[in-house]
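Trainee: Could we go through this structure together? I want the reasoning behind each label.
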Amino acid sequence: MNRKPAKEYTTEQQLPQLGTAPYLDLMNRTASSDTDRKSAHLGLIMLWLGDNTLDLMDIQLSSFDITESKLDLLLLLSLHAGQELVTPSSLADRLGIRRSSVTSLLNWLEKRNWIIREPYAKDGRMTHVRISAEGDKLVKQVLPTFWSTCASLVEGLDKEEQEVFKRALLKLNNNIEKRLGSGR
């Protein structure tokens, strides 16, 4: 499985893989003296894992013409379908992204008829966003691939390792959500 190419850089030339050594050397030259180097190294690996996870998910979802970030927004709309008012601002806050980024995502999803934007009846200045019937149908088609890809992310770990990893991930995620002041 090949990594997705950067949209703005489509030539055949690729940068060579560096591994962690040059990054660790850079860290040793530039990190403040009170930075725990082993913790920073683990944090770097976590960042790379996050990037690689999203890349892998995007590759798996490409046959549906959707990315993980766009599917995430559709899932959020599906899970909040019963709420009276889901605004672009509330979506941005929940996803931890800028409102302009949500607007771009919503524009893309609306062009495909996967969402509906409508003025809020009680206040015509606010916009309510909901998933459309076509969007709901897409989500139902995509979810089996999404879940099997999620499962494949830990297939290199045995059941005991998965349990330890789960506890560590939950602890880290809870800590990060507390620092951010929001979560899923």
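Trainee: What share of the contacts with a separation of 6 or more joins residues 24 or more positions apart?

Mentor: This is a predicted model. In the protein, 54% of those contacts are between residues 24 or more positions apart. Contact here means heavy atoms within 4.5 Å.

Trainee: Which elements make up the chain?

Mentor: The protein has 7 helices and 2 strands. From the N terminus, the order is α-α-α-α-α-β-β-α-α. The C-alpha atoms fill a box of roughly 55 × 40 × 40 Å along the principal axes.

Trainee: How many of the residues are buried, as a percentage?

Mentor: Of the 184 residues, 22% are buried. The cut-off for that word is under 20% relative accessible area. The accessible surface of the protein is about 13400 Å². Carbon and sulfur atoms hold 54% of that surface.

Trainee: Take L61. Why is L61 called buried?

Mentor: Its relative accessible area is 0%. Buried means under 20%, so L61 earns the label. L61 sits in helix α2.

Trainee: What does L61 touch beyond its neighbours within four places in sequence?

Mentor: L61 is in contact with I66, T67, E68, L71, V142, T145 and F146. By contrast, take D93: L61 and D93 are 32 residues apart in sequence, and their C-alpha atoms are 25 Å apart in space.

Trainee: What makes R112 and D65 a salt bridge?

Mentor: Their side chains meet at 3.7 Å, N to O. The rule asks for a side-chain nitrogen of Lys or Arg within 4 Å of a carboxyl oxygen of Asp or Glu, so 3.7 Å passes. R112 lies in the loop between α5 (99–111) and β1 (115–120), and D65 in the loop between α2 and α3, so the pair ties together parts 47 residues apart in sequence.

Trainee: Why are R112 and D65 both called partly exposed?

Mentor: R112 has a relative accessible area of 30%. D65 has 45%. Partly exposed runs between under 20% and over 50%, so both values fit.

Trainee: How many salt bridges does the rule give in total?

Mentor: The count is 6. One of them joins R117 and E110, with the closest N and O atoms 3.0 Å apart. R117 is partly exposed at 25% relative accessibility, and E110 is partly exposed at 32%.

Trainee: What about E118 and R130: how far apart are the closest N and O atoms?

Mentor: They are 2.9 Å apart, and E118 and R130 form a salt bridge. E118 is in strand β1 and R130 in strand β2 (residues 123–131), 12 residues apart, and the pair links distant parts of the chain. E118 counts as partly exposed at 26%. R130 is partly exposed too, at 34%.

Trainee: Back to D65. What is notable about its phi?

Mentor: Phi of D65 is near 60°, a positive value in a residue other than glycine. Most residues other than glycine have a negative phi.

Trainee: Where does N113 lie, and what is its phi?

Mentor: N113 lies in the loop between α5 and β1. Its phi is positive, about 65°, although N113 is not a glycine. At 48% relative accessibility, N113 is below the cut-off of over 50% for exposed, so N113 counts as partly exposed.

Trainee: Now the pocket. What volume does the largest pocket have?

Mentor: The volume is about 2200 Å³. Its lining has 46 residues, and the closest to the centre are G50, T53, L169, N173 and R184. The elements giving two or more residues to the lining are α2 (37–61), α3 (68–79), α4 (88–95), α6 (133–152) and α7 (159–180).

Trainee: Which element gives the most to that lining?

Mentor: Helix α7 does, with 15 residues.

Trainee: How does the lining divide by class?

Mentor: The lining of the largest pocket has 24 nonpolar, 12 polar and 10 charged residues. Gly counts as polar, so G50 belongs to the polar class.

How values were computed
Residues numbered from 1 in each chain as written. Predicted model: local features only at pLDDT ≥ 70, side-chain atom pairs only at ≥ 80, totals over all residues. Heavy atoms only, no water. 1 Å grid on protein atoms, 1.4 Å probe; cavity = no way out; pocket = protein on both sides within 12 Å on 5 of 7 lines; lining within 4 Å. Points joined across faces, edges and corners; volume = space filled by probe spheres on them. Helix = DSSP H or I, 4+ residues; strand = E, 2+ residues; numbered from the N terminus. Buried < 20%, exposed > 50% of the residue type's maximum accessible area, 1.4 Å probe, protein only. Areas by Shrake-Rupley, 256 points an atom, 1.4 Å probe, with all protein chains shown as cover.
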